[in-house]
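Reader: Could you take me carefully through one enclosed part of this protein, and say what surrounds it? I would like a connected account rather than a list.

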Amino acid sequence: MISVLILVILSTKGVGVAANLLGGSSHRPEAVYGFATVCTFLSLWLVMAAIFSYLNVGLKKKTEMITGFYTPETIAEYFDQFWAGRDALCKSIVNYRTDPTPDKVNTGKVLEDEFQALFAADFGVKTFIFPAIILLATGTIVLFMGYAGGLGYAVSLGDPAQVVPVQPFGIKLELISVAAIFGALTWVASDVIVRSHQWTLHPSDLAWYALRFIVAVPLGYALALAVGANPAATGVTVPPGIGAFAAFVGSMFSLDAIKKAVGTAATRFGMPMNSSPEERDDLIIKLAGVDDAKAQALATEGLSTIGQLVTADPIRVSIRTGLSFEYVLNLINAALLWVFVGNALKQLAPLGLRGASDVLALHEDWLRADTQALATLREADAGLTKAKADSAAAPADQAKAAAVATAENARTVALDAFLAITSADTTVVPAHAAMITALTVAAKEGGPGLVGVGFDTIRGRLRASSYAAFVKKLLDQ
């Protein structure tokens, strides 16, 4: 609200100086500075409005979406996994788990409040305040110099004999500097608008924007020199607008994009670069659904290999990378299984085993199948006992004697089914018969399958992994 009032006041005051400047009746420095000030605040308001929109809408909605995955029980498990060092949280977990009341309303509410407080402290609005101040300060200085210097340069073009009326901070800006500054503004404004719309804005992005403004002029001059805009240094005369064009276009790209372009150029000149994704098989980009942009977002948070995902905090990764929480959970889920099967994960996924949660689900189905088979066996045994008792009571009754034979056959069939399911030598489970058959056949043919990847060992390890069970609970929400 304060920013709006300041903008209105400056705009109102700037109307007069703008009229004089645009009308050509006055090119005094105060007129140029006044109009440059209004333009600077308008430009910054475009950037800050997108940031405020994210903080008021996007951040709140994103927080609600993530916290919606968590119940008091999973909050307790999350604290166990990633915040076990905080005594206050450990005490709340103990109180919740030892709460004798059936619904645990009060202790559950305490956990939820601490969960929200943790969110606010680590990912809330307060984390944006300091980076926003830095961005506002650097943006104000750089854009004011750009507008004032640009207007002064435009005035001098109208009358080449006239001395440039303004030199902000005693610096005479050339066309290349002005172009570089507004190229940087173009990238910053477009990027913050997109990130606000996608709910992917992070405090570090504001710091990157500030850095982008700071290096705009040096970067612009470097690009201008690269295209030969300095005849004294290169001996090549080119139109003066070529350097400004290179400075503007080059400044419209992010520093990361420029770094990649430089890396590509260095590769062409035979300079050694880091290993590419094709040279390694443990990079995150090898997982299904990960493209270059997502891999870069994860790499920024120090997550470049699949093995690093198995210990990552899904909330922190989701918030700091801007990737959806469920997407991050699925990546971690796949990584937990990849640790055991490696690249065979690509062959297992089409058969229903996409990650650790699917293995645990299969194990649970396995147990249910065992329970069903045991119940059927017990029922058949009880039926045989009753048939024998009925036959003993009426030895001459042929029908009851036949019933005993039928019951004996039913118990034999039930016993065979139970032994087939519980045997370590078989992988036939009624609930997953088709999938298990496909996996087993693949294993026999030398491909990845339950036998080929050591499924019994894998499911035992994943059952012992508290993180795998925790991820499965979140995905099952």
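Author: A residue is called buried when its relative accessible area is under 20%, exposed when that area is over 50%, and partly exposed in between. The model is a predicted one, and it holds 2 cavities of 30 Å³ or more. The largest cavity, on which I will concentrate, has a volume of about 50 Å³. Its lining is made up of Tyr78, Trp83, Phe115, Leu118, Phe119, Asp122, Phe123, Asp313, Ile315 and Arg316. Two elements, helix H5 (105-123) and helix H15 (314-321), are the ones that give two or more residues to this lining, and H5 gives the most, with 5 residues. Sorted by class, the lining has 7 nonpolar and 3 charged residues, with no polar residue in it.

One of the lining residues, Tyr78, also leads to a distant part of the chain, for its C-alpha atom is separated by 7.7 Å from that of Phe470, although the two residues are 392 apart along the chain. Phe470 belongs to helix H22, which covers residues 466-475, and because its relative accessible area is 0%, it counts as buried.

For a contrast, one can turn to the surface, where Ile141, Phe169 and Ile171 make a nonpolar patch of about 310 Å². Ile141 is part of helix H6, which runs over residues 126-158, and its relative accessibility is 45%, so Ile141 counts as partly exposed, whereas Phe470 is buried.

Conventions
Residues are numbered from 1 along each chain as its sequence is written. This is a predicted model: local features need pLDDT of at least 70, side-chain atom pairs count only at pLDDT 80 or more; totals for chains, interfaces and linings use all residues. Side-chain values use heavy atoms; hydrogens and water are left out. On a 1 Å grid over the protein atoms alone, a cavity is a set of points where a 1.4 Å probe fits but cannot get out, and a pocket is an open set with protein on both sides within 12 Å along at least five of seven lines; lining residues have an atom within 4 Å of a point. Grid points are joined across faces, edges and corners, and a volume is the space filled by probe spheres set on the points. Helices (H or I, at least four residues) and strands (E, at least two) are DSSP runs, numbered from the N terminus. Ala, Val, Leu, Ile, Met, Phe, Trp, Tyr, Cys and Pro count as nonpolar, Asp, Glu, Lys and Arg as charged, and the others, Gly among them, as polar. Patches are made of residues with over 30% relative accessible area and no salt bridge: like charges are joined within 9 Å, nonpolar side chains (Val, Leu, Ile, Met, Phe, Trp, Tyr) within 5 Å. Accessible areas come from the Shrake-Rupley method with a 1.4 Å probe; for residues, only the protein chains shown count as cover. A salt bridge is a side-chain nitrogen of Lys or Arg within 4 Å of a carboxyl oxygen of Asp or Glu. Buried means under 20% relative accessible area, exposed over 50%, partly exposed in between (1.4 Å probe, protein chains only).
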